[in-house]
Amino acid sequence: MLAQHLPRGLKWLWVFPAILFLMFLIYPIIKLAVTAWSTEMLNEFTDSTVWRVALLASGQAVLSVALSLLIGIPIARVLFNYHFRGRGIILALVTVPFVLPTVVVALGFRSLFGDVVPNGLLLVVLAHAYINIAVIVRLVGAQWSTLDPRMEVTAATLGANPFRVFTSITLPALRNSIVLAASVVFIFSFSSLGIVVVLGDGSSTRTLEQVLLRSTSVLLDFPAAFAAAILQLVVVSLVFVISARMSRNEPRAKVVLGRKQISGRKSMWSVRLTCLVAMIVVISPIASILWASISSSGGITLQWWSELASTSNTRIGSPIAALGRSLGLALGTAVLAAVLGGAIAIAVMSKKGFVVSLALIPLGISAVTLGLGILLAFSRGPLDLRGTGALIPITHALIAVPIVVAVATPSLRNVDPRRYFVALTLGAAPMRAWWTAFGTVFGGVMLAAGGLAAAVSLGEFGAATLLSRTDSPTVPIQIARLLSKPGESAFATAAVLSVILMFITMTLLLIVDKIASRKVFT
Amino acid sequence: MTGLILQVNDLMIGYEEALTPALNFSVGPGEILVVVGDSGCGKSTLLSTLAGVNPPLSGEILLGGKSLSGVPIHKRNIGLVFQEPLLFPHLSLIDNIGYALRSSGESHSAARIRATELLDWVGLSEIAGQKTWQLSGGQAGRIALARAIAAKPNVLLLDEPYSALDPGTRLRLLADVKNLVTREGIPTIHVTHDRSEAELLATRTLTW
């Protein structure tokens, strides 16, 4: 009904994002496939290297999932079952690691453990679990809060002890969210790059994404890169399929009985202890980075901050120049993503589902694959964009688009289309009526898309490594390079850059959160 | 008083198939025609068709003797209130009520004066500074009614506007509607599945 009455100027606007996606997403993927498809590429699959890396990465990802669940489930239980003061703060705190740039997290762990835990599988798994606590807590907690607590009470009255109640009643009821959360953590850890580059040992922690980056940027071996990309895509798709099959098709729970007050000394201590552990786990790496940025072997110092603009201490370019570059790229990404976000919003409202499906494609394709496709498609011929500086913002905007869709679609679906008709019956011309009904949400989606994409761009490592010139690195690349250098000065400069990156990313995400939670969106 | 009569001749409504027999009725100034029927019988579709949201399958709709065929929704000056108030959340209560006046080219200050009068009329002047989402269901319903009549519509269409409210609030609001329509002389069509509402409001009833 709404589509028929849309203002003439907006009826065909969905074509715009469709063309953008065809041009900057589908065409680069086809171009990559055509360039790399060869017998050499097929031969890569008979070579054991990619399979061995896939197996190693799978093992690492399984361990990361197990540890994330072990830490995340108790926190979810406390945060989504009990009502207590400070609950909101703890929930916000456990979300922080998820939004930090991966190289910053890596630096936090390196700084925290120093020489006690050497680079390798343990450190990689710990860092992955740290980043993904939020995924477990949010997804499992959301389902937990809809469970009817009277089921547990009934089981207890039938003689089940607390452990049996948990394993026989609660855990099966949480199955769908646990499966979903575990799949997300598996995919994240399986295709990890920033963490394994900084914290890995180069052998037991390799991922296909690392093979892909090395094959492209060092060895210039496109067939090997494409083989790794295909295998990664297959594994990711397989995990999605298995996850969908394992989830029971249950009707959505409607019972939301609210959170319990903490009753009894035992419950109170378990809540306090869990919150304390969560706080220590989340804050330690961050505090460690902050400390590293203001300390030296001689004590507390602001030397590393004051030397930020100089190049002498690192010999790999000025950190402040990298910061300026990253901010410029983030701004470009934000503008592009805002335009794309707005166009997707119109596609959602016009019920053009296939445009939304196109926007979700980057979910299944790694950042490096996407960057490689864009590089191949737009580095020669009539559409040579290399000199324009647009390749990184385009890639980052595409990487951010699925997140934009996830954030924006619920707000857009919440808008009652009848508001548009009400505005029309009140005499507003179609364009004004459209703006009255949808303008605020539309503007909010564009702003949120811009902010989210800027945050993604600031922390993105893989595609930026591939697409940026050696002499003009972004901040995450600069951090990774500094960490590969020996000496106190390089490490401390990396810590200073990480603190700045953390601050900007968190500020951006707080602004987006503020926009998204505005009541005018409902 | 708008003084116009809404006339419906052999009107068939629906999407692909007709939901109703051919309808013939007219509503004059100050009259309330209550359409009574069960869910799914086409009551809401009738209102959507009169407002111009749905095209009729056949027949004609005349307002003051002129056909509304081809007249877009925003040029019909027909007020429509849905079951939910659907207030514009980013606008103040005054700007919600004054929306139609601004659409018709009235100045901001003129729209504010009229909106303030209406806010007073619906008994909500003391909450003028509140946001739309801070209102109770009854308060939001009153604002929606004030918004619909602010620009003196030629016809007022009410699609079970207060059915989600508690009975006491609903009866008070329906009494407001009856007062208003009689005072302003607006031809009104009210649809409901509740026969007691029909008895309370109707000048005439229509069923099929």
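Reader: Let's start with the sheet in chain B. What's the strand order, and is it open or closed?
Author: It's an open sheet of four strands in chain B, ordered 2-1-4-5, with antiparallel pairing. Strands here are DSSP E runs of at least two residues and helices are H or I runs of at least four, numbered from the N terminus. Two strands count as paired if DSSP finds at least two bridges between them. This is a predicted model, where local features need pLDDT of at least 70 and side-chain atom pairs count only at pLDDT 80 or more, while totals for chains, interfaces and linings use all residues. Residues are numbered from 1 along each chain as its sequence is written, and chains are lettered from A and ligands numbered from 1 in the order in which they are written.

Reader: Which strands stand at the edges?
Author: Strand 2 and strand 5 (66–67) of chain B do; each has a single partner strand, so one side of each lacks a neighbour in the sheet.

Reader: And how many bridges join strand 1 to strand 2, and strand 1 to strand 4, in chain B?
Author: Strand 1 (residues 6–12) of chain B has four bridges to strand 2 (residues 23–27) of chain B, and five to strand 4 (residues 58–63) of chain B. Both pairs run antiparallel.

Reader: Which residues stand opposite B:Val8?
Author: B:Phe25 is its bridge partner in strand 2 of chain B, and B:Ile61 stands opposite B:Val8 in strand 4 of chain B. B:Leu6 also has partners on those two strands: B:Val27 in strand 2 of chain B and B:Leu63 in strand 4 of chain B.

Reader: How do strand 4 and strand 5 of chain B connect?
Author: They form a hairpin with two residues between them, and B:Gly64 in the turn has a positive phi of about 60°. Two bridges join these antiparallel strands of chain B, with B:Ser67 in strand 5 of chain B as the bridge partner of B:Leu62.

Reader: OK, switching to chain A. At what angle do helix 3 and helix 18 of chain A cross?
Author: Roughly 30°, with the axes of helix 3 (residues 15–36) and helix 18 (residues 353–360) of chain A coming within 10 Å. Axes are lines fitted to C-alpha atoms, for helices over the stretch in contact, with angles from 0 to 180 degrees between N-to-C directions. That makes the two helices of chain A roughly parallel, a label for angles under 35 degrees (over 145 is roughly antiparallel, 65 to 115 roughly perpendicular, the rest oblique).

Reader: Which residues meet there?
Author: A:Pro17, A:Ala18, A:Phe21 and A:Leu25 of helix 3 of chain A meet A:Val355, A:Leu358 and A:Ala359 of helix 18 of chain A. Contact means C-beta atoms, placed from the backbone, within 7 Å. By class, that's seven nonpolar, no polar and no charged. Nonpolar covers Ala, Val, Leu, Ile, Met, Phe, Trp, Tyr, Cys and Pro; charged covers Asp, Glu, Lys and Arg; the others, Gly among them, are polar.

Reader: What about A:Val103, buried or exposed?
Author: A:Val103 is buried, with 29 other C-beta atoms within 10 Å. The cut-offs are 20 or more for buried, 12 or fewer for exposed and partly exposed in between, using C-beta atoms placed from the backbone. A:Val103 lies in helix 7 (residues 102–113) of chain A. Leaving aside neighbours within four places in sequence, its contacts include A:Val198, A:Phe461 and A:Ile479. A:Val198 is 95 residues away in sequence but 7.1 Å away in space, C-alpha to C-alpha.

Reader: Last one: how many residues does each chain put into the contact?
Author: Chain A gives 18 residues and chain B gives 21. Helix 21 (418–425) and helix 22 (430–459) of chain A each supply at least two residues of chain A's side. The largest share of that side, six residues, comes from helix 21 of chain A.

Conventions: Two residues are in contact if their C-beta atoms, placed from the backbone, lie within 7 Å.
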